[in-house]
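This report looks at charged side-chain pairs and at where their partners lie along the chain.

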Amino acid sequence: MQTADILSKLIAFDTTSANPNMDLIEWCAGLLRDAGAEVTLLPDDSGKKANLFATVGPTDRPGVLLSGHTDVVPVAGQNWSKPPFELTFEDGRYYGRGTCDMKGFVASALSAALSASTKDLQTPLHLALSYDEEIGCIGVRSLIDMLEAAPFKPAMCIVGEPTSMQVAVGHKGKTAAKATCIGREGHSALAPQAVNAIYLATDLIAEIRRIQERLAATGTQDFDYDVPYTTLHVGLINAGVALNIVPNHCEVTFEIRNLAENDPTVLMQEIKDRAEEIAERARVIAPEAAINIEMTANTYPGLATPEDGAVVAFVKSLLGANDTMKVAFGTEGGLFSSRVGIPTVVCGPGSMAQGHKPDEFVSADQLEKCDRMLAALTDRLVKGLPLNS
């Protein structure tokens, strides 16, 4: 099957993260098994979602891993002029939810795997398809666990997130957390005798902003990123019952997006220390006052692959490229790199400027460039050349 034909099928599966992806995964598994690939499915506890790991070629040695996620972001509330779950080709562009992020790459990788299955590979081609990437790189973790225990780990990994087919060697890590602020309720007419949990929260937010200002002014800078420093961001506040009640509970959800040089655990401990100081002051009135901070599942490590690494040179050679870049968004690449030790780059068709938007698209030129890169990869795997040559 050609890449566009596969993409048409993939887009027709509504794999919004809130939905199952099992129909898509089983279709991909059938396609790969019919071609002779060794396929493993890793379902979640519900049995409605699964990761897929497939190998084409020999299974007794390391190969090259192509990684993509199968879930997409919602279309609700967006003004689409084209059907989001039906592939539309118009003016050199393929439209549909996930065409760019990132079923375009998945389609190209599946097409490459089918082509590779007809050849005598000396080095294997691996394919990893995951679920729930869009909500914090959650689903892929069972696949990471499997690779950690595998006798042969992939020698390198290409994560096909949209980079306009440039080789990306880094992205920031993300640490997400929720602060639960506990005060003491009371009538608003007697507010000074109570402890307003919203005030605890805003004091904490002020401390987070002060840390952000310090990092922007004097912290490590990496100008390969659009925002060259580690960022802290508060995204959600939930509190209050009625205007005349001093609230005793407030939740604040915030994140750290860190450069590789900044340890997020150090920053998180600083935030926890400031939170305890705020709560301690409030205990003069209400001994039960507290700010409890816990990490959420929407957390993943950054990627920092050395620009002179073998995987970088290898993928550059497939593309005929000279330059590298870093991306603002997170990927599963940091997990493959930090958890399993697989040298990893990010390189895929399309631009994230089109991702998550109505009338999402990937251009035919970008898909063709991806197909050419993966065809060149297959040729290398047939020759069995050392992966750093």
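In this predicted model, R210 and E207 both lie in helix α5 (residues 197–218), and because they are three residues apart, about one helical turn separates them. Their side chains form a salt bridge in which the closest N and O atoms are 2.8 Å apart. The two partners differ in burial: E207 has a relative accessible area of 18% and is therefore buried, falling under the 20% cut-off, whereas R210, with a relative accessible area of 46%, is partly exposed.

Other pairs join distant parts of the chain. R339 and D145 meet in a salt bridge with an N to O distance of 2.5 Å, which links helix α8 (residues 333–340), where R339 sits, to helix α4 (residues 141–149), where D145 sits, across a separation of 194 residues. R339 is partly exposed at a relative accessible area of 31%, and D145 is likewise partly exposed at 41%. This pair also belongs to a network, since salt bridges that share partners join D145, E148 and R339.

A further salt bridge connects E360 and R97, at 2.7 Å from N to O. Here E360 comes from the loop between β17 (344–346) and β18 (361–363), while R97 comes from the loop between β5 (93–95) and α3 (99–116), 263 residues apart. Both E360 and R97 are buried.

The N to O distances of these pairs are as follows.

| Pair | N to O distance |
|---|---|
| R339 and D145 | 2.5 Å |
| E360 and R97 | 2.7 Å |
| R210 and E207 | 2.8 Å |

Overall, the model contains 19 salt bridges.

Key: Residues are numbered from 1 along each chain as its sequence is written. This is a predicted model: local features need pLDDT of at least 70, side-chain atom pairs count only at pLDDT 80 or more; totals for chains, interfaces and linings use all residues. Side-chain values use heavy atoms; hydrogens and water are left out. A salt bridge is a side-chain nitrogen of Lys or Arg within 4 Å of a carboxyl oxygen of Asp or Glu. Helices (H or I, at least four residues) and strands (E, at least two) are DSSP runs, numbered from the N terminus. Buried means under 20% relative accessible area, exposed over 50%, partly exposed in between (1.4 Å probe, protein chains only).
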